[in-house]
Amino acid sequence: MAKQTSPRRFSRRKFIGSSSALAAAGLGLPTQSALAAAEPAPLSSAAPDYVILNARVLTVDSNQPSAEAFAVKGDRFVAVGSSADIRSLAGASTEIVDAEGMTVTPGFIDAHSHASSAGVNELVQVNVDLRSIAEIQEALRQRASITPAGQWIRGFKYDDTKLAEGRPINRFDIDEVVPDHPVVVGHRGGHTGVYNSLALALAGVTSETPDPDDGRFYRDSNGVLTGLIAEQARNVFRGMIPSGSTREQRRDGVTLISELMTKAGLTSVHQTGGGRNDMIAFQDARAEGGMRFRMYLFPSGQSSLFDDLVNAGVRTGFGDEVFRIGAVKFSADGSASERTMRMSTPYVGRPEDYGILTMSQQEIHEAVENAHRNDFQIGIHANGDVTIDMVLNAYERVQSLWPRADARHRIEHCSLVNPSILARIKAAGVIPAPFYTYVHYHGNKWVDYGQEKMAWMFAHKSFLDYDIPVAPASDYTPGPYEPLMALQSMVTRKDFDGRVWGPNQRITLEQALKICTMNGAYASFEENIKGSITVGKLADFVILADSPSDVDPDSIKNIEIVRTVVGGRTMYGA
Ligand SMILES: [Zn+2]
């Protein structure tokens, strides 16, 4: 092994600084080849490209749970061990980085998000993630002042429970400031929107319009439409609202969201739902060097993209380590955060309201049979216990008729469970992907469920008790994607205001870290190439200023992300 000759050393301050060690080592922002496969190393140089010493490495590898140091060559980890051992591997060209006691974890994985639409929405819609109706009105008024009358104005990331006025926005609030443009204020959960009166008039919706089975036009106690519309009732606007983005904007949206997500420590993201435009946007962004994370893209089951892939003979896993075809995505019920998911018991204070199904059992059977027989992994959105039961019926049926080893079909969200559901999930080898930041971020919504249900919701502890490889999921935009907030939320079960929801579902930091890394890799069949700091795996890792095990659990989300590295290259550096 080559002896270290003239190592360049870096102090902690320099290391944290922007012109720091990894950048100096030629590991700066991505270029067109940044997230391509590693080039074969020239025979003359066996030494690592760089080594990181004196770190607290939480490897998430049970064979070697902690280490002080590791070495990277190309896009892989080539050694993990003590600082002395790893230092001895360094050659003349090897950069030596002293982490001075900072913590290193594997790159975080978000196994359920809507990344590309979130990115493009930041560019073309109005961000109404604001804390009062007055502020939302002002944001809509400003957009209307630069938008020709008659054109749609779309708001996104609305949250009905965080407003200073203590009530949700309604159509009259919007009419007051924007009467001459049709407006939708979309909830961040993605299942409801508040429309103004002009929008309702254009769609011909009146107080006489009946609710469809799979949706709702909300009315006040006098029967007057509030403007809030849920689920498939929104189909009355189909074809009326332009997609509102260009190919360039969609590419820039991917670039923006991958920048934001790697800044939070994410190195791999599953996008649960997408069509042809998303395929193009990810490839465009990658070609221009704007794609910083690895993407596992779920074609939407309702899109022509899925049929096209099947016809072309493509199946789950097609692609490379940067961009791969994931499971096919369907959606069978309402939303947890918008309180429309379908349950066997009603919402608190609404004895008639059990939530909304968006697929029938027969439709689920047909979708699952087609996807399973075409060798796709399947991910079905099912929040409530009723819906989860229906999805399990379909998974059990296809596996008994057409058995497939290691299919890893998934239940997206899988929010409300019980012992029977847990046993069936374990027996069928199904992967649940419950929300990982919801308990903390959306606390004020859990009042509508109550503590009794919350003891069985986002049930990370129960899944682990049944030895189920539960996946990490933000569902961004509905939930924040920050993995450190996820660790805090799963460990404390405490919301923004300090209330604890379902304390029986608390897990340890070590368990939460494994969910956010290894279990994320398992959910995309990639546990052999990522998810832990292990020799031979992709060098995806995050450097944290402090260890999550050292700080107060209530402040894990505030730990500084110092650097995010994907395939050996720095994609974010503070
Ligand atoms: Zn989703």
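In which sense, left-handed or right-handed, does helix 11 pass helix 12? Helix 11 passes helix 12 in a right-handed crossing. Keep in mind that this is a predicted model. This briefing looks at that helix pair and then at a sheet with a helix packed on it.

**Helix 11 and helix 12**

- Two packed helices are described by the angle between their axes and the distance between the axes.
- Here, helix 11 covers residues 361-373 and helix 12 covers residues 385-401; their axes come within 9 Å and cross at roughly 40°.
- The two helices, helix 11 and helix 12, are therefore oblique to each other.
- On the helix 11 side, the contact is made by Gln361, Ile364, His365, Val368, Glu369 and His372.
- Helix 12 contributes Met390, Val391, Asn393, Ala394, Tyr395, Arg397 and Val398.
- Sorted by class, this contact has 7 nonpolar, 4 polar and 2 charged residues.

**The open sheet**

- Follow the strands across this open sheet of 6 strands and you will read the order 9-10-11-12-14-13, with mixed pairing.
- Strand 9 (126-127) and strand 13 (215-219) stand at the edges.
- Each of these edge strands has a single partner strand, so one side of each is left without a neighbour in the sheet.

**Strand 9, strand 10 and helix 5**

- Strand 9 pairs with strand 10 (residues 153-158) in the parallel sense, over 2 bridges.
- To find one partner pair yourself, look for valine 126, whose bridge partner in strand 10 is glycine 155.
- Helix 5 (residues 133-145) packs on the sheet and touches strand 9, strand 10 and strand 11 (183-187).
- The direction of helix 5 makes about 150° with that of strand 10.

Conventions: Residues numbered from 1 in each chain as written. Predicted model: local features only at pLDDT ≥ 70, side-chain atom pairs only at ≥ 80, totals over all residues. Axes fitted to C-alpha atoms, helices over the stretch in contact; angles between N-to-C directions. Helix = DSSP H or I, 4+ residues; strand = E, 2+ residues; numbered from the N terminus. Parallel < 35°, antiparallel > 145°, perpendicular 65-115°, else oblique. Left-handed = near helix turned anticlockwise from the far one by under 90°. Contact = placed C-beta atoms within 7 Å. Nonpolar A, V, L, I, M, F, W, Y, C, P; charged D, E, K, R; others polar. Pairing = 2+ DSSP bridges.
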